[in-house]
Amino acid sequence: ENFRYLLRSDIFLQTLKNSLVYTFSAVVLKVVFGLGLALLLNSGIRFQKFFRGAILLPWVIPDTLSTLGWVWMFDPLYSVINWVLTHLGLVQKGIPWLSNPYWAMASIVLVNVWRGLPFFAITFFAGLVSVPRELYQAAKVDGAGRFRIFFYITLPLLKPLLLIVILFSTISTISDFNIVYILTKGGPMNMTHVLSTLAFRVGLAGGNLGQGAAISLFLFPVMAVVVYFQLRVIQGKQP
C-alpha cells in the first residue's frame, strides 16, 4: 500500500526525477573534470607534488563541515561567490543560489562535484601512470596526434577503471544525504529532494515510518538496474 501511494504521489515522482538528474549531472561532470585533472597531472606540470596534495583537500575535509562552508558562500546577503561575480561585472545582482529551484539544483550538483572530484582525479591519474610509455612512443612515431593517442590508446586502456569508478560514484551520489539536506533540505518547493532526504522527512521527521521505509527501499530496484547495465558494460557485453 505504501508503494502504491508513492507511485501516485507527485512529490515522490518529482523526487525520483530529481535523484536521477542530480546523479547523472554530478557523475558526468566528475568524470569530465576528473579526467581532465588527471591528464594535467600526468603532463609533467611544475609543482606537481603540491597539486596532487591540494586536489585531495575537498576529499579529506569532512563533508558536513565543507558543506556548511558552501552554505555561507551561497548566502543571499553575504555570498562571496555573488560578490566576486558582481565585481567582475558578470552579473548585475546576486544569484539566488538556494532559493531558486533551478539554481538550487545546480548548487547541490556543484558541491557534490567539488566533493567527489579528487577521487576521480587521483584514481584516473593512477590509471594513466600504469599505461606503458612504449605505446605512446610508438603512436608518436606513427604520426598520431594528441587526440588520436587519447581516443585510441588512453581511453580504451582506462575504460575498465573508468566504468568501475562511475559505478561506485553512482551508488554514493544517488544515496547522498548530507550535501542535499544541509544546503536545501529538499527545497525550494521540493525541487531538490532526493530519495534519501525525502525518506528522512517522511519517515523520521514526519513520523510515517512505513512510507519512509518504502522510499528508502525504492533505492534498491533503481540501483539494481543501474548496476546491472554498468556491470554488463564492464564485462564487455551488450546491455
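User: How many helices and how many strands does the chain have?
Analyst: This is a predicted model. From the N terminus on, every element in the run is written α. The count for the chain is therefore, with helices taken as DSSP runs of at least four residues, 13 helices and zero strands.

User: What share of the contacts with a separation of 6 or more joins residues 24 or more positions apart?
Analyst: A contact here needs heavy atoms within 4.5 Å. Among contacts in the chain with a separation of 6 or more, the share from residues 24 or more positions apart is 71%.

User: What does the C-alpha trace span along its principal axes, and what percentage of the residues is buried?
Analyst: The C-alpha trace of the chain spans about 65 × 50 × 30 Å. The chain has 239 residues, and buried counts as under 20% relative accessible area. The buried percentage is 40%.

User: Which atoms supply 70% of the area that the chain exposes?
Analyst: The chain exposes about 14000 Å². The atoms that supply 70% of this area are carbon and sulfur.

User: Which side chains meet in a salt bridge, and are they buried or exposed?
Analyst: The structure holds one salt bridge. Its N to O distance is 2.8 Å, and the cut-off is 4 Å, so the pair qualifies. Both residues are exposed. The side chains are those of arginine 4 and glutamate 1.

User: How far apart are the mean positions of the positive and negative charges?
Analyst: The chain carries 18 positive and 7 negative charges. The mean positions of these two sets are apart by 6 Å.

Conventions: Residues are numbered from 1 along each chain as its sequence is written. This is a predicted model: local features need pLDDT of at least 70, side-chain atom pairs count only at pLDDT 80 or more; totals for chains, interfaces and linings use all residues. Side-chain values use heavy atoms; hydrogens and water are left out. Buried means under 20% relative accessible area, exposed over 50%, partly exposed in between (1.4 Å probe, protein chains only). Helices (H or I, at least four residues) and strands (E, at least two) are DSSP runs, numbered from the N terminus. Accessible areas come from the Shrake-Rupley method with a 1.4 Å probe; for residues, only the protein chains shown count as cover. Lys and Arg count as positive and Asp and Glu as negative; His and the chain ends are not counted. The place of a charge is taken as NZ of Lys, CZ of Arg, CG of Asp or CD of Glu.
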